[in-house]
Amino acid sequence: MEKLGVIGGMGPEATSYFYDQVVKHTQAKSDQEHLDMIVLSCASMPDRTRAIQTGEHEALLRTMHSCTALLEQAGCGHIAIPCNTSHFFYDQIQATTSVPIIHMPREAARYAAAGAVVGMRGFDPAASAGLFTTPVQTVGIMATDGTVSSGVYHDACERAGVTAVVPPAELQAMVMSIIYDDVKAGRAPNLDTFDQVLSWFLNDAHCDRVILACTELSVVSQYRALPPAVLDAMDVLARESIVRCGAPYRA
């Protein structure tokens, strides 16, 4: 098995959850059957949404470069970045290392388009999971302002042959409140607010799937079960990390 490198800290709770998901979903009967991992929790990483909106990328990219250099020197075979917004800078970050970085938005869009469900049941993303009787055409994106404005998920969905849908401004503000006012501030996510946004995607916008495209939103699954139409990009990243590093995935 190859060693997994993780550039985390964006935010710390999301990184902790990602590590837990990798451990939980690795089929192992002993310590030695788990992946070797190096987790860099870079909580001081400049805010990704602010970097996109202001165009001030230098400090963020310097920090990312130092992380990829450390992980490459440590012999990591793959790198995971459990932060959707940071993938706006994917090409610049990948250019700093020969170690392949898993592109979370592209993989999440690919899984969503295929009708795959991850976590509870580990379906092959290349085949339909059988839960969706009609082809997936529209995918709702629940994410930060930075991720939405960057178009990273619009591009990923276009590559996967589906259309990305984002919420209107007032609902997008509610998503940002869950991310920044709740989870990043160390509080439980406001589930009523989450349900209101999710209802808009599924019932008003008639999206076939909804991607939780911010790792802070992944925390919601600790409080309640999510419907099959919801795909957590964090679950996708965990599965791809396990499989690509050569370990068996446990559903």
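Let's start with a term: a residue counts as buried under 20% relative accessible area, as exposed over 50%, and as partly exposed in between. Keep that in mind as we walk through this structure, which is a predicted model.

Take F88. Its relative accessibility is 32%, so F88 counts as partly exposed. Right after it in the numbering comes F89, and here the value drops to 0%, so F89 counts as buried. The two rings pair up: their centres are 5.0 Å apart and their planes sit at 85 degrees, so this pair is edge-to-face. Planes over 60 degrees apart earn that label.

The model has 2 aromatic pairs by this rule. Besides F88 and F89, look for W200 and F201, which also form an edge-to-face pair. Here the centres are 5.2 Å apart, with 70 degrees between the planes. F201 has a relative accessible area of 0%, so F201 is buried.

Rings can have charged company too. Find Y180 and you'll see K184 lying over its face, at 5.6 Å from the ring centre. Another case involves Y249: R239 lies over the face of that ring, at 5.2 Å from its centre.

Now for the surface. Y19, V23 and V39 together make a nonpolar patch of about 230 Å². To locate V39, go to strand β2, which covers residues 37-41. Why does V39 count as partly exposed? Its relative accessibility is 35%, and partly exposed means the range between the 20% and 50% limits, so V39 falls into that class.

Conventions
Residues numbered from 1 in each chain as written. Predicted model: local features only at pLDDT ≥ 70, side-chain atom pairs only at ≥ 80, totals over all residues. Heavy atoms only, no water. Patch = residues over 30% accessible without salt bridge, like charges linked within 9 Å, V, L, I, M, F, W, Y side chains within 5 Å. Areas by Shrake-Rupley, 256 points an atom, 1.4 Å probe, with all protein chains shown as cover. Salt bridge = Lys/Arg side-chain N within 4 Å of Asp/Glu carboxyl O. Helix = DSSP H or I, 4+ residues; strand = E, 2+ residues; numbered from the N terminus. Buried < 20%, exposed > 50% of the residue type's maximum accessible area, 1.4 Å probe, protein only. Phe/Tyr/Trp six-rings, centres within 6.5 Å; stacked < 30°, edge-to-face > 60°. Lys NZ or Arg CZ within 6 Å of the ring centre and 35° of its normal.
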